[in-house]
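Q: I'm new to reading protein models and would like some help. Can we go through one together, feature by feature?

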Amino acid sequence: MNATLLIALYAFAGAAATGLAGAVALRLIRRRSLTASLAVVAAVGVVAMLAGTLAVAWAMFLSPHDLSVVTTVVAMAAVVSLATALLLGRWVVARSRALAVAARSFGDGGDFAVPDGPATAELEHLSRELAATSARLAESRERERALETSRRELVAWISHDLRTPLAGLRAMSEALEDGVAADPARYLRQIRTEVERLNDMVGDLFELSRIHAGTLPLSCARISLYDLIGDALAGADPLAREYGVRLVGGRIEPVPVEVDGKEMSRVLGNLLVNAIRRTPADGTVAIAAERTAEGVVLSVTDACGGIPEEDLPRVFDTGWRGTHARTPPAGAGLGLAIVRGIVEAHQGRATVRNIPGGCRFEVVLPAAAS
């Protein structure tokens with residue numbers, strides 16, 4: 001028993017010294033290729049066995065013949081172990097390089113393509129993560145392109161819509177100043193109309209900036225949809241009469257909602273104005289409200305003839321005003337963007353879809369607690 005214990009101690013001492021040397025070597029080459037690290041690990045295992053054997057032989061527990069036999073066996077094991085480690089290291093490094101080349105593709109704006117061939121579980125997991133990251137980057141690039149397009153369109157349209165009333169205001173003010181205005185009172189009324197239009201446009205821009213910055217203040221209170229819709233219909237009635245459009249209050253359930261009354265009135269007002277301006281004379285704009293499994297659904301239906309399918313995803317984008325045939329005579333395409341921003345601030349969602357003869361805008365809001 002004592003001899004066995006001594007053999008174990010000598011073998012452990014020799015192996016421990018080799019392991020310590022191997023740890024130092026791994027630390028020194030930690031920035032080198034994985035192949036070198038695998039070779040060191042394989043060498044440590046073989047050399048540790050040889051060191052333990054030599055320590056036992058030095059303590060006279062092995063005969064010279066036995067030592068020679070063991071040394072030969074260990075040497076052959078070392079050759080096989082190192083060869084295996086080198087082959088494994090080269091395979092893993094090749095796979096890693098293929099992943100690095102594939103990763104550069106989506107970093108440069110392309111799509112990530114998983115390299116062909118087998119891989120370790122860790123490299124396979126890394127490939128899946130890179131593929132998922134590539135998909136997210138592609139979506140982000142697409143959103144960024146869409147936002148940049150919307151920003152350019154918004155700047156162009158705002159510049160045009162500001163230039164037109166400003167030019168009119170300059171002409172009318174010069175006419176009044178030079179005393180050549182045939183009807184000064186009419187000029188003054190027109191100036192006031194244009195100033196109010198500019199004021200509304202600036203107010204929309206300010207509201208949209210607060211929505212995008214996430215600083216839109218909400219003072220939510222329990223309100224009946226019946227009262228909210230009634231006020232919105234009353235406010236839109238003069239415009240409907242001007243355009244010769246019928247306003248209809250359809251199924252309006254008097255369900256309560258927790259909303260900011262002022263902001264939600266703006267949502268309904270924008271939807272009704274948008275529907276009235278795009279509905280031909282003698283057409284009908286209907287508003288309805290009902291409780292569903294998703295929450296409370298407010299809907300505004302018009303008779304605009306429908307929106308092209310390719311334009312539906314952009315209806316609520318900032319600055320979008322559709323085709324020239326559907327472009328209203330006033331506004332900068334901010335109304336529906338404001339609608340979406342306010343609704344999402346209330347934890348709801350705004351959608352649009354085509355129906356026979358027109359389209360239907362829906363606002364889904366969480367139902368108030370009973």
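A: Sure! Start with a cut-off: a residue is called buried under 20% relative accessible area, exposed over 50%, and partly exposed in between. Keep in mind that this is a predicted model.

Q: Let me try that on Arg222. Where is Arg222 found, and how exposed is it?

A: Arg222 sits in strand 1 (residues 221-224). Its relative accessible area is 46%, so Arg222 counts as partly exposed. You can also look at what the fold brings together: Arg222 and Val259 are 37 residues apart along the chain, yet their C-alpha atoms are separated by 6.7 Å.

Q: What about the whole protein: how many helices and strands are there, and what share of residues is buried?

A: There are eight helices and seven strands. Of the 370 residues, 34% count as buried. As for contacts with a separation of 6 or more, 69% of them come from residues 24 or more positions apart.

Q: How do I check a helix, say helix 7, against its expected span?

A: Count on 1.5 Å a residue. Helix 7 (residues 261-278) has 18 residues, so it should span 26 Å, and its end C-alpha atoms are indeed 26 Å apart. Have a look at its start too: a side-chain oxygen of Asp260 comes to within 3.1 Å of the backbone nitrogen of Lys262.

Q: Which residues of helix 7 are buried?

A: First, the general idea: an α-helix has 3.6 residues a turn, so residues three or four places apart point the same way. In helix 7 the buried residues include Met264, Val267, Leu268, Leu271, Leu272 and Ala275.

Q: And how do I read the way helix 7 passes helix 8?

A: Look at distance, angle and handedness. The axes of helix 7 and helix 8 come within 9 Å and cross at roughly 145 degrees, and the crossing is left-handed. Then find who touches whom: Glu263, Arg266, Val267, Asn270, Leu271 and Asn274 of helix 7 meet Gly335, Leu336, Ile338, Val339, Ile342 and Val343 of helix 8. By class, that contact has seven nonpolar, three polar and two charged residues.

Q: Which other elements do the buried residues of helix 8 pack against?

A: They pack against helix 5, helix 7, strand 6 (349-355) and strand 7 (358-365). Among those buried residues are Leu336, Ala337, Ile338 and Val339. The axes of helix 5 (residues 184-213) and helix 8 come within 10 Å, crossing at roughly 35 degrees. Here Asp204, Glu207, Leu208 and Ile211 of helix 5 touch Ala337, Ile338, Gly341 and Ile342 of helix 8. That contact has five nonpolar, one polar and two charged residues. Just after helix 8, you'll find Gln347 with a positive phi of about 65 degrees.

Q: Let's finish with a loop residue. Is Asp302 buried or exposed?

A: Go back to the cut-off: Asp302 has 4% relative accessibility, so it counts as buried. It lies in the loop between strand 5 (296-301) and helix 8 (335-345).

Q: What does the side chain of Asp302 reach?

A: For a charged side chain, look for polar partners. The side chain of Asp302 reaches the backbone nitrogen of Cys304 at 3.3 Å and the backbone nitrogen of Cys359 at 3.1 Å. Leaving aside neighbours within four places in sequence, the residues in contact with Asp302 include Ala275, Thr279, Val285, Gly358 and Phe361.

Conventions: Residues numbered from 1 in each chain as written. Predicted model: local features only at pLDDT ≥ 70, side-chain atom pairs only at ≥ 80, totals over all residues. Heavy atoms only, no water. Helix = DSSP H or I, 4+ residues; strand = E, 2+ residues; numbered from the N terminus. Expected span 1.5 Å × (residues − 1). Buried < 20%, exposed > 50% of the residue type's maximum accessible area, 1.4 Å probe, protein only. Polar contact = N/O pair within 3.5 Å; in protein donor to acceptor, adjacent residues only side chain to side chain. Contact = heavy atoms within 4.5 Å. Axes fitted to C-alpha atoms, helices over the stretch in contact; angles between N-to-C directions. Nonpolar A, V, L, I, M, F, W, Y, C, P; charged D, E, K, R; others polar. Left-handed = near helix turned anticlockwise from the far one by under 90°.
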